Amino acid sequence: AQDTLLICPPVVSQRAALGALQAGPNYCLNYVKDMGDVRHLCLERLSELGERCRVPETRGAFYLLARIETRLTALQLVERLVREHRVAAIPGEAFGLDGECYLRIAFGALRQDTVAEGMDRLINGLQHIIDDNIA
C-alpha cells in the first residue's frame, strides 16, 4: 500500500490537474500579472532599506530571499519581527543558509492590500531592529 501511495497522485490532484488543462493558460494570466505586481511592490519596499538589504534578482518565484546586514542571526531577527512587529518571515537557516542573515519572504498567495500591510510591518520592523544592532 505504501508504494502505491507514494507513486500515484491522489484522485483530487488528478482531477484538479485535468481541470487546469481543460481551462487552458488564459485562466491563470490575471493571477500571474497580479503576482508580478505584488512582487514589484515587495522589491520596491525592500529597496527602502538601501545597502542593509540585498535581494538577488529572480524570475518565477513566489518568494524573495533577502540578505539583511545585521549582527543578529536570521532566527533571532525573525523572532523579534514576530514578537515586536507582528510579521513573519522564514530564517535562511531553514534552507541551509548559515553564516549570514537571510530571510525568505513569501508573497505568492497574498493580495496587494495584504502585502502592503505586511510590508509596512516588515520594513518598519527591520529598520528598528537593524538600527538597534548596528553598533
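User: How do you know that α3 lies across β1, β2 and β4?
Analyst: This is a predicted model, and everything here is computed from it. Contact means heavy atoms within 4.5 Å. By that test α3 lies across β1, β2 and β4. Its direction is about 10° to β2.

User: What makes the four strands a sheet, and in which order do they come?
Analyst: Strands pair if there are at least two bridges between them. The order is β1-β2-β4-β3, in an open sheet with antiparallel pairing.

User: Why are β1 and β3 called edge strands?
Analyst: Each of them pairs on one side only. β1 covers 53-54, and β3 covers 90-91.

User: How do you know that β2 and β4 pair?
Analyst: Count the bridges. The cut-off is at least two. Strand β2 (residues 63-68) and strand β4 (residues 101-106) have six, in the antiparallel sense. So the two count as paired. Two partners show the register. L64 stands opposite I105, and A66 is bridged to L103.

User: What makes β3 and β4 a pair?
Analyst: Two bridges join them, and they run antiparallel. The rule asks for at least two, so β3 and β4 pair. In β4, R104 stands opposite I90.

User: Why is R104 called buried?
Analyst: R104 is an arginine in strand β4. Its relative accessibility is 15%. Buried means under 20%, so R104 counts as buried.

User: Which residues does R104 touch, leaving out those up to four places away in sequence?
Analyst: F62, Y63, L64, L65, A89, I90 and F95. K33 makes a contrast: R104 and K33 are 21 Å apart, C-alpha to C-alpha, and 71 residues apart in sequence.

User: Why is β4 described as mostly covered?
Analyst: Five of its six residues are buried. Each of those falls under 20% relative accessible area.

User: What makes M35, F62 and Y63 a nonpolar surface patch?
Analyst: Patch residues need over 30% relative accessible area and no salt bridge, and nonpolar side chains are joined within 5 Å. M35, F62 and Y63 make a patch of about 250 Å². M35 belongs to helix α3 (residues 26-46). Its relative accessible area is 31%. The patch cut-off is over 30%, so M35 passes on area.

User: Buried or exposed, or in between: what is M35 called?
Analyst: Partly exposed, at 31%. That value lies between the 20% and 50% limits, so the middle label applies.

User: How do you know that R45 and E48 form a salt bridge?
Analyst: Their closest N and O atoms are 2.6 Å apart. The cut-off is within 4 Å, so the pair qualifies. R45 has 16% relative accessibility and counts as buried. E48 has 42% and counts as partly exposed.

User: What makes R52 and D131 a salt bridge?
Analyst: The N to O distance is 2.6 Å. That is within 4 Å, so the rule is met. R52 sits in the loop between α3 and β1, and D131 in helix α5 (residues 112-132), so the pair ties together parts that are 79 residues apart in sequence.

User: Why are R52 and D131 called partly exposed?
Analyst: R52 has a relative accessible area of 22%. D131 has 45%. Partly exposed lies between under 20% and over 50%, so both get that label.

User: How do you know that R67 and E69 meet in a salt bridge?
Analyst: The N to O distance is 3.3 Å. The limit is 4 Å, so R67 and E69 count. R67, at 24%, is partly exposed. E69, at 30%, is partly exposed as well.

User: Which residues are linked with R67 and E69 in a network of salt bridges?
Analyst: E51, R54 and E100 are linked with R67 and E69.

User: How many salt bridges does the rule give?
Analyst: Eleven.

User: What makes the phi of R86 worth a look?
Analyst: Most residues other than glycine have a negative phi. R86 is not a glycine, yet its phi is positive, about 55°. R86 is found in the loop between α4 (74-85) and β3.

User: Why is R86 called exposed?
Analyst: Its relative accessibility is 57%. Exposed means over 50%, so R86 counts as exposed.

Methods
Residues are numbered from 1 along each chain as its sequence is written. This is a predicted model: local features need pLDDT of at least 70, side-chain atom pairs count only at pLDDT 80 or more; totals for chains, interfaces and linings use all residues. Side-chain values use heavy atoms; hydrogens and water are left out. Patches are made of residues with over 30% relative accessible area and no salt bridge: like charges are joined within 9 Å, nonpolar side chains (Val, Leu, Ile, Met, Phe, Trp, Tyr) within 5 Å. Accessible areas come from the Shrake-Rupley method with a 1.4 Å probe; for residues, only the protein chains shown count as cover. A salt bridge is a side-chain nitrogen of Lys or Arg within 4 Å of a carboxyl oxygen of Asp or Glu. Buried means under 20% relative accessible area, exposed over 50%, partly exposed in between (1.4 Å probe, protein chains only). Axes are lines fitted to C-alpha atoms, for helices over the stretch in contact, and angles run from 0 to 180 degrees between N-to-C directions.
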